[in-house]
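Trainee: I would like to go through this model and ask how each label is earned.
Mentor: Go ahead, and expect a definition with each reply.

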Amino acid sequence: MSALRIVPDFLAARLVNTPHSLLRTIVFALLLLVFPVVASQFGNSWVRIIDIVLLYIMLALGLNIVVGFAGLLDLGYIAFFAIGAYLAGLLASPQFAVIIESLQMEYPVAGDWLLHVAGDAIAAQGIHWSVWVIIPLAALVAGIFGALLGAPTLKLRGDYLAIVTLGFGEIIRIFMNNLNGPVNITNGPQGINLIDPVRIGGLSLAGEAGSGGMVHVANWSMPSVNAYYYLFLLLCVLTVFVAQRLQHSRLGRAWIAIREDEIAAKAMGIHVRNVKLLAFAMGAAFGGVAGAMFGAFQGFISPESFTLTESIAVLAMVVLGGIGHIPGVILGAVLLAALPEILRHTVEPIQTALFGHIWIEAEVLRQLLYGLALVLIMLARPAGLWPSPRQEDRPLPASDTQTGTA
């Protein structure tokens with residue numbers, strides 16, 4: 001009799017809790033939709049900061065697959081971000097015309113062949129593919145590079161894996177910085193500019209020429225940064241959905257099993273090599289998509305945007321928020337991406353209001369407060385600000401691992 005009452009009681013509890021959860025979701029969604037309208041009243045720079053934050057959320061969720069789910073320390077993740085961005089730069093800007101011209105000067109036979117294949121229009125104006133074609137291509141190319149990175153590191157763990165991935169990230173950055181001779185492919189340290197903005201149905205999210213950066217839809221207009229905000233928000237929602245489905249799939253449980261004990265996972269029949277390669281490839285694909293959107297949003301890319309510091313910052317977002325926990329990773333990305341920019345805009349006015357002049361420059365104080373916040377938070381909350389509520393989804397502390405293997 002008691003067993004028969006379990007189902008009705010469970011359904012009753014769900015019916016009681018669902019309206020509150022649904023209400024919270026609706027309120028939160030409305031706040032996200034209204035935010036750019038309110039923030040733009042105080043300047044477009046605040047909306048632009050959140051645009052960058054949304055890109056970092058996509059990056060952090062991709063790295064969380066590798067670090068949080070599979071337990072593989074990756075210090076070169078920003079390389080996949082660079083691959084997506086440079087792919088957008090090569091396929092949606094005049095840069096390909098520069099490549100053809102440079103190739104003709106250095107290697108006339110190869111240059112003439114490429115000119116014949118590409119055609120006069122591309123030789124004059126470059127390739128201008130739609131970003132919606134570039135995004136899946138960026139995911140594919142970045143995923144292939146992720147698998148190539150993972151293949152030689154399958155037997156590496158901990159510090160050794162971190163060093164190899166760090167080297168991979170630096171190799172990609174140095175390549176992008178030096179592939180301007182003898183054939184100018186990436187334009188070297190000067191970067192690639194004039195990258196086409198995102199277009200949806202012929203509507204440019206950067207605004208048409210002479211619009212002053214305003215996007216006009218019928219009788220309604222909004223700043224370009226607001227239009228990009230809604231696009232990035234939609235992509236973030238899709239990214240969260242995919243990441244959550246992966247976490248609770250058979251593949252996601254295999255990743256977590258490998259993270260907790262690779263030998264036990266192999267003994268239970270998990271194909272460790274393939275599962276690790278899938279983690280690297282899928283995490284890299286997220287980074288490639290974010291990179292392509294970054295290139296289209298900025299309209300300019302250069303190697304300075306893809307340094308080791310950026311990789312460490314994305315890793316800090318994952319660890320600080322709550323490694324392996326999707327809401328925690330989002331929280332970490334929001335805090336660590338937005339906090340430095342907020343401090344950049346506020347530390348000097350606050351000093352002027354309190355002391356009448358500026359004691360410490362904004363950049364120095366910003367980095368000081370940023371580092372201090374990281375240290376204090378990790379001392380107070382070593383599992384992250386928002387760790388997974390389920391113990392089985394959290395990485396085991398080092399002490400527990402040592403105890404279990406003793």
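Trainee: Which residue in E7 is the bridge partner of Met-214?
Mentor: Pro-223 is the bridge partner of Met-214 in E7. His-216 stands opposite Ser-221 in E7. This is a predicted model, in which local features need pLDDT of at least 70, side-chain atom pairs count only at pLDDT 80 or more, and totals for chains, interfaces and linings use all residues. Residues are numbered from 1 along each chain as its sequence is written, while side-chain values use heavy atoms and leave out hydrogens and water.

Trainee: What makes strands E6 and E7 a pair?
Mentor: Strands pair if DSSP finds at least two bridges between them. Strand E6 (residues 214-217) and strand E7 (residues 220-223) have four bridges in the antiparallel sense, so they meet the definition. The names come from DSSP runs numbered from the N terminus: helices (H or I) have at least four residues, strands (E) at least two. Two residues lie between these strands in the hairpin, and Ala-218 there takes a positive phi near 55°.

Trainee: Which residue in the loop between E3 and strand E4 (199-200) has a positive phi?
Mentor: Leu-194 lies in that loop and has a positive phi of about 60° although it is not a glycine. Most residues other than glycine have a negative phi, and most peptide bonds are trans. The loop between H8 and E3 holds Asn-187, whose phi is also positive, near 65°. Pro-182 lies in the loop between helix H8 (158-178) and strand E3 (192-193), and the peptide bond from Gly-181 to Pro-182 is cis, with omega near 0°.

Trainee: Why is Leu-194 called exposed?
Mentor: Exposed means over 50% relative accessible area, buried under 20%, and partly exposed in between (1.4 Å probe, protein chains only). Leu-194 has 60%, so it is exposed.

Trainee: How do you know that the length of H15 agrees with its number of residues?
Mentor: The expected span is 1.5 Å times one less than the number of residues. Helix H15 (residues 362-380) has 19 residues and should span 27 Å; its end C-alpha atoms are 27 Å apart, so the two agree.

Trainee: Which residues of H15 are buried?
Mentor: Ala-362, Leu-365, Arg-366 and Tyr-370 are the buried ones. They cover an arc of only 135° around the axis, so they are on the same side of H15; the arc is that of the directions from the helix axis to the C-beta atoms. On the other side of H15, Val-364, Leu-368 and Leu-379 are exposed. The buried residues pack against helix H13 (308-322) and helix H14 (326-355).

Trainee: What is Phe-232 in contact with, leaving aside neighbours within four places in sequence?
Mentor: Contact means heavy atoms within 4.5 Å. Phe-232 is in contact with Asp-51, Leu-54, Leu-55, Met-293 and Phe-297.

Trainee: Which elements have the lowest and the highest mean pLDDT?
Mentor: pLDDT is the predictor's confidence in each residue, from 0 to 100. Helix H16 (residues 398-405) has the lowest mean, 46, and helix H3 (residues 78-91) the highest, 94. Over residues 399-406 the pLDDT is below 50, and this stretch has one contact beyond near neighbours in sequence.
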